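Trainee: I should like to learn how to read the features of a protein model one at a time. May we begin with a single residue and then widen the view?

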Amino acid sequence: MRTIPVKEDLFTEFKSDTKEKNGLPDSELIEAVVGMANAEGGIIYVGVEDNGDITGLTKQHKDSIGVMALIANSTVPSISTRAEVITEEKIDILQIEVPKARTVTATSSGKTLRRRLKFDGSPEAVPLFPYEIPSRLSELSLLDFSTQPVEGATEEDLDILEFEHLRSIVKNNPGSDKSLLELNKEDFYKALHFVEQERVRQDLLGQDGFSLEKLKV
């Protein structure tokens, strides 16, 4: 009786180990792992064709410990998988459990991929472009867009009435830090992390210790 899925989906990937003379290429396996880890995780079955036919393993992929070591050494940050050889329809296949990555991960050669579904419902691994990485980090609660500085913003973009309203809240709240009320407007903004300071290189500006402030609004 078949116990593995009959077709691929977002969480299930089949990899043939018989199409190539030397079996499934390491690079193809690593890219599949990275794409799945940068999505929701899932299981890769090595020794199964795309149409679901079970065709078995080459000798190298019967070493589950070696495969786990290969994956860990070929991904950055390292992806810790669980792999075991199972028997399906009297044929050995390799089952690799891929966890959802806690951050964006890539192959050791620098490829960053993500798994997605095509219009027909079949899965594919596509590049994860640099402009998509902040969104991914936000999904993983590793990046808060509300704390990012706004390029080109100045103090004039802040509503002075809201500033006074905030000071009023601090003043009337028994649990607030009253020392904030002693600060001028500029220091008040800094204390509440409304602005961000950056160190600027001396050779670029011709003066030492110059600070560039970016406003968070």
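Mentor: Let us begin with Glu40, which counts as partly exposed because its relative accessibility is 40%. The reasoning rests on two cut-offs: a residue is buried under 20% and exposed over 50%, with partly exposed in between. Please keep in mind throughout that this is a predicted model.

Trainee: With which residue does the side chain of Glu40 meet in a salt bridge?

Mentor: The general idea comes first. Side chains of opposite charge can pair when their charged atoms come close. In this structure, the side chain of Glu40 forms a salt bridge with that of Lys100, at 3.3 Å from N to O. The two residues come from distant parts of the chain, 60 residues apart: Lys100 lies in the loop between β5 and β6, and Glu40 in the loop between α1 and β2. Lys100 also counts as partly exposed, because its relative accessibility is 39%.

Trainee: How many salt bridges does a search of the whole structure find?

Mentor: The search finds nine. Another of them joins Glu132 to Arg114, again with a distance of 3.3 Å from N to O. This pair, too, links distant parts of the chain: Glu132 is in the loop between β8 and α3, whereas Arg114 is in strand β7, 18 residues apart.

Trainee: Is Glu132 buried or exposed?

Mentor: Glu132 is buried, because its relative accessible area is 17%. Its partner Arg114 has a relative accessibility of 23% and therefore counts as partly exposed. Elsewhere, salt bridges that share partners connect Glu13, Lys15, Glu28 and Arg115 in one network. Within that group, the side chains of Glu13 and Lys15 meet at 3.4 Å, N to O, and both residues are buried.

Trainee: Let us turn to helices. What span should the 13 residues of helix α4 have at 1.5 Å a residue?

Mentor: One multiplies 1.5 Å by one less than the number of residues. For α4, residues 160-172, this gives 18 Å, and the end C-alpha atoms are 19 Å apart, which agrees. You may repeat the exercise on α1: its 12 residues reach 16 Å from the first C-alpha to the last, close to the 16 Å expected.

Trainee: Which residues of α4 are buried?

Mentor: Phe163, Arg167 and Val170 are buried in α4. Viewed down the helix axis, the buried residues fall within an arc of 55 degrees, so they line one face of α4. Leu161 and Asn172, on the other side of α4, are exposed. The buried residues of this helix pack against α5, residues 185-191. In α1, for its part, the buried residues are Leu29, Ile30, Ala32, Val33, Val34, Gly35, Met36 and Ala37.

Trainee: Why does Arg167 count as buried?

Mentor: Its relative accessibility is 19%, and Arg167 therefore falls under the 20% cut-off. Leaving aside neighbours within four places in sequence, Arg167 is in contact with Leu180, Leu181, Leu183 and Phe188. The C-alpha atoms of Arg167 and Lys178 are separated by 9.5 Å, and these residues are 11 apart along the chain.

Trainee: In which direction do strands β4 and β5 run?

Mentor: They run antiparallel, and seven bridges join β4, residues 82-88, to β5, residues 91-98. Arg82, for example, stands opposite Glu97 in β5. The two strands form a hairpin with two residues between them, and in the turn Glu89 has a positive phi of about 55 degrees.

Trainee: With which residues is Ser64 in contact, leaving aside its neighbours within four places in sequence?

Mentor: They are Ala83, Glu84 and Leu94. Ser64 itself is found in helix α2, residues 64-73. Ser64 counts as buried because its relative accessibility is 18%.

Trainee: To finish with the whole chain, how many helices and strands does its secondary structure come to?

Mentor: There are six helices and 10 strands. The chain has 217 residues, of which 34% count as buried. The protein chain exposes about 13,500 Å², and carbon and sulfur atoms supply 51% of that area. Among contacts with a separation of 6 or more, 61% come from residues 24 or more positions apart.

Methods:
Residues are numbered from 1 along each chain as its sequence is written. This is a predicted model: local features need pLDDT of at least 70, side-chain atom pairs count only at pLDDT 80 or more; totals for chains, interfaces and linings use all residues. Side-chain values use heavy atoms; hydrogens and water are left out. Two strands pair if DSSP finds at least two bridges between them. Helices (H or I, at least four residues) and strands (E, at least two) are DSSP runs, numbered from the N terminus. A salt bridge is a side-chain nitrogen of Lys or Arg within 4 Å of a carboxyl oxygen of Asp or Glu. Buried means under 20% relative accessible area, exposed over 50%, partly exposed in between (1.4 Å probe, protein chains only). The arc is that of the directions from the helix axis to the C-beta atoms. Contact means heavy atoms within 4.5 Å. Accessible areas come from the Shrake-Rupley method with a 1.4 Å probe; for residues, only the protein chains shown count as cover.
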